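Please work through the exercises below with the sequence and the model open side by side, and try each task before you read its solution.

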Amino acid sequence: MAEEFEPKIVAFLCKWCSSAGSDLAGVSRMEYPPNVVPIQVMCSGSVSPLYIFSAFNKGADGVLVSGCHPGDCHYIKGNYYARRRIHLVKKLLEFVGLEPERFQMSWVSAAEGTKYTQVIKEFVNELKPLGPQNKLRRNP
Amino acid sequence: MEKILEKRSLQSWMKKLDSWTIYAPRKDGSERWNYGIAQNDSVGLNFTVTTLPAKALVFPQREVFLEFLKTVEESQETLKVNEVIPGKNPVVIFGVRPCDARAVSLLDRVFSGDFVDPYYWARRKQTVLVGLACDTPPWENCFCLSTEGSPHSEEGLDVLLTDLGDKYFVKTLTENGEKLVNLAKGLFKEPRLEDKKKAKAVHAEAEKKIVRRVKRAKKDLAAKLKGLFDSPLWDDESMSCIRCGICTYLCPSCHCFDINDEVDSVSPLRGKRVRTWDNCQFPDFTMHSSGHNPRPDKASRLRQRLFHKFQYFVEIYDKTMCTGCGRCISLCPVGIDIINVLDKVSDHGS
Amino acid sequence: MAKIEDLKEEARKLLREGKIKYVIGYAAGTNGWMASPIFIKKPEDVEKLVWDPTCVHNLSRFLVDEKRRKEREKQPDKRPVGIFVKGCDSRAIVVLLQEKFIDRNDVYILGISCEKGGVVDEHKLARKLEGKKPKKIELGDKGQLVVTTANRKAEFPVEELLAERCLECRANFPVISDIMSGEKIKRTVEKPFGSVEKMERMPKEERWRFWKEQLDKCIRCYACRSVCPMCYCDECVVDSINLAVSADTTAEEKADKVKWIQRSAESSENFVYHFVRAIHLAGRCIDCGECERACPLDIPVRFLNKKLEREAKELFGYEVGFDPAQPSLVSSFRDDDPEDFIR
């Protein structure tokens, strides 16, 4: 029997919120799919679009950028910059024909362990029917 | 040998060559011609000039030399290296312009000598070039007559076709060429005397139509260049250069390359050693790892392009590394004209 | 069509008085029929300047070179350079000023209004003339393009010959200049994003096939980058010179340097390159279309920029190249920027 496709997600998580949120989910022993490779960043605003393109290039089936809710940025406004920039990246990726579901952004605070597991669960469920991402991948 | 092939039989000839991969010029949705694998639907050789020269098929932009994989088992490291020499894949390229074929023969010189390049030759030996003489210059910037070539040059070709209206005058030039013709013997007819005359007339007529010339000839130009290494001329002429790679990547004879290891995975260490085209117009071409760059500006890079073609190469091979195809002039986004620059070199100080 | 006699006179005067270093303008090219950039240092050479619908180049690209030159020289000549600009080119200068890459005193801007014309598209012209070479192209009195070949004179409506970007242009006269020639006629453009919208209507998979086929052709000559006045980074992510080294940098460190994009002109790498280029020009591209014109393989790279230009306008109300005091697109935000895409 063919094994079910397990998507690989690269998640850029803000150290001050989403990364802490994922830790909370962990220490609270919440269950969620193990499909994520978390990469801690100092701020969602520090995520260069190149990181996202590179993740797809190196074989990610989905990419997530997660930062603090508006108003909560540790650096006051980093997440606002991210919101604009990521929006443009999303539009660009869709424009060349990548499935829009493959690239997501979320606001997850350090207290939202449950929301984090929810975001990942939904993301994985949306990616599964799409199958592997071979469009932008090197050596597919 | 010399033969006649009806134009409508060209397709049948290609069909007979079923043990070869056949490339022919095609328009891929844009206004430009480029080589593509010939499909049944592509008929005729009514192209002007391909944007990428035949070079790109014998010396591809990317070529894998070897694949490597390092594994560790019980603290025992093993490195597997698998050399990738191009395998059997005989190719016929239809519609090679004489200038591009001459350029391939220049590449042949570069990739032989003391270091015979096995990757290049594995491909080259399986490649047969069927040329098409120019009856009219494909564009206004052709200057092959100034580079010891001609619109009907045979150098580097296996077969030369000359367009006689509804038929081709076919001249085989090598054993490989003869083989191609012999595989479809029934399609070819013996030429009549008037066909031969007509082919000659087409050739002569084509030469007349080439208007652009370089003032000085090979040796003379090389000598003149040598004295101008430090001239301010290069600054002036390169002012409008934007440092892109069009003039060199699309040049049929430029052949500089770079070798890189492309690492696909660090643990286990897995990757490929790859040769790619490189380009003297890019800033990192001469960049030292110390950060010093001996060719720091575009003036020195334009100079290098001209010196390599019209000075160094002449010294080494007694040939100009330019076949006058005109691509670098016609495709330059800012209109830098190599003929003009060479003529300014010629006139310099006189 | 605008005449440039008064601009030439001004250029001659400025050069004679030594007020400017040189003038960047257009001269008749040897490359077939197109004009080409020229750098004029002597007043007597001003005669060589031309203005016609083949003056496609965005000369503000050369302001980047001028800045670098000044940085290299020990005692740089700090006089301004004169530069001929069309409407689109002038907006590029606005962006360079906005980003404080150049100073207003670095340039003396000689503006030309395209009025109802623009620049021609080489391929459209080639199709019309069926292989014949144009000798001269002018804008006629009735707003038509008059093309002279060796044996005839033909007239075409501008829509049939102008570059796509000119047909979608919203600034057909310079928005900034020291002296200007021609009238400030505002042209009405019905669909400034028509070509992008057409592509957006394509089904997703068809769009993917389109871009894959196009970007697979890329040979990474970087003409699209090199010709762009906004691509002035000291280090570009695709060049391998962006490796900071010192005497203490070890071979391992050099080898371990992240390589974002491989040199191989393969599909996957080409996509990263073109994505980076597009996103880096978001809110900076003024749609001079030079990237697409320079491409020797006719990859429609302009669409990527145009798409982001449209999104910037629709999502963030941002318009490029009209106001040098405006903060840049990605270093600013509004509290109510849309976030319906965020979970």
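The exercises that follow concern a predicted model, and each task is followed by a solution in steps.

**Exercise 1. Find which residues of the largest nonpolar core touch the most other members, and then trace the contacts of Leu93(A).**

Step 1. The largest nonpolar core holds 174 residues, and those that touch the most other members are Ile52(A), Leu93(A) and Trp234(B). This core also draws at least three residues from each of the two domains of chain C, namely domain 1 (1–117 + 168–190) and domain 2 (199–332).

Step 2. When neighbours within four places in sequence are left aside, Leu93(A) is in contact with Ile52(A), Phe53(A), Phe56(A), Leu98(A), Phe103(A) and Leu136(A), and also with Phe275(C).

Step 3. A separate core of 25 residues lies apart from the one that contains Leu93(A), and among its residues are Ala24(B), Val128(B), Val130(B) and Leu180(B). As a general background, nonpolar side chains in soluble globular proteins tend to be buried together.

**Exercise 2. Decide how many residues of helix α12 of chain B are buried, and which helices they pack against.**

Step 1. Helix α12 of chain B spans residues 338–347, and 7 of its 10 residues are buried, so that the helix is mostly covered.

Step 2. The buried residues of α12(B) are Ile338(B), Ile339(B), Val341(B), Leu342(B), Asp343(B), Val345(B) and Ser346(B).

Step 3. These buried residues pack against α7 (218–226), α8 (233–237), α10 (298–317) and α11 (327–330) of chain B.

Step 4. A salt bridge can be added to this picture, since Glu237(B) pairs with Lys344(B), with the closest N and O atoms 3.0 Å apart. Because Glu237(B) lies in helix α8 of chain B and Lys344(B) in helix α12 of chain B, the pair ties together parts that are 107 residues apart in sequence. Glu237(B) counts as buried because its relative accessibility is 15%, whereas Lys344(B), with a relative accessible area of 40%, is partly exposed.

**Exercise 3. State which parts are joined by the salt bridge of Lys298(B) with Asp65(C), and which by that of Lys307(C) with Glu200(C).**

Step 1. The side chains of Lys298(B) and Asp65(C) meet at 2.4 Å, N to O. Lys298(B) belongs to helix α10 of chain B and Asp65(C) to helix α2 (residues 61–72) of chain C, so this pair joins two chains. Both Lys298(B) and Asp65(C) are buried.

Step 2. The side chains of Lys307(C) and Glu200(C) form a salt bridge at 2.6 Å, N to O. Lys307(C) is placed in helix α13 (residues 302–316) of chain C and Glu200(C) in helix α7 (residues 194–200) of chain C, so the pair ties together parts that are 107 residues apart in sequence. Lys307(C) is buried, with a relative accessible area of 6%, while Glu200(C), at 21% relative accessibility, counts as partly exposed.

Step 3. Over all chains the structure holds 86 salt bridges. A network of salt bridges links Arg138(A), Arg62(B), Glu262(B), Asp264(B), Lys272(B), Glu266(C) and Glu269(C).

**Exercise 4. Describe how domain 1 and domain 2 of chain C lie with respect to each other.**

Step 1. Chain C is divided into domain 1 (1–117 + 168–190) and domain 2 (199–332).

Step 2. Their C-alpha centres lie 25 Å apart, and 23 residues of domain 1 are in contact with 28 residues of domain 2.

**Exercise 5. Locate Ile76(A) and Glu115(C), and decide whether each is buried or exposed.**

Step 1. Ile76(A), although not a glycine, has a positive phi of about 75°, and this residue is found in the loop between β3 (62–67) and α3 (78–95) of chain A. Exposed means over 50% relative accessible area, so Ile76(A), at 65% relative accessibility, counts as exposed.

Step 2. Glu115(C), also a residue other than glycine, has a positive phi near 50°, and its place is in the loop between β4 (107–112) and α4 (122–129) of chain C. Buried means under 20% relative accessible area, so Glu115(C), at 11% relative accessibility, counts as buried.

Notes: Residues are numbered from 1 along each chain as its sequence is written. Chains are lettered from A and ligands numbered from 1 in the order in which they are written. This is a predicted model: local features need pLDDT of at least 70, side-chain atom pairs count only at pLDDT 80 or more; totals for chains, interfaces and linings use all residues. Side-chain values use heavy atoms; hydrogens and water are left out. A nonpolar core is a set of buried Ala, Val, Leu, Ile, Met, Phe, Trp, Tyr and Cys residues joined through side-chain atoms within 4.5 Å. Buried means under 20% relative accessible area, exposed over 50%, partly exposed in between (1.4 Å probe, protein chains only). Domain bounds come from an automatic or database domain assignment. Contact means heavy atoms within 4.5 Å. Helices (H or I, at least four residues) and strands (E, at least two) are DSSP runs, numbered from the N terminus. A salt bridge is a side-chain nitrogen of Lys or Arg within 4 Å of a carboxyl oxygen of Asp or Glu.
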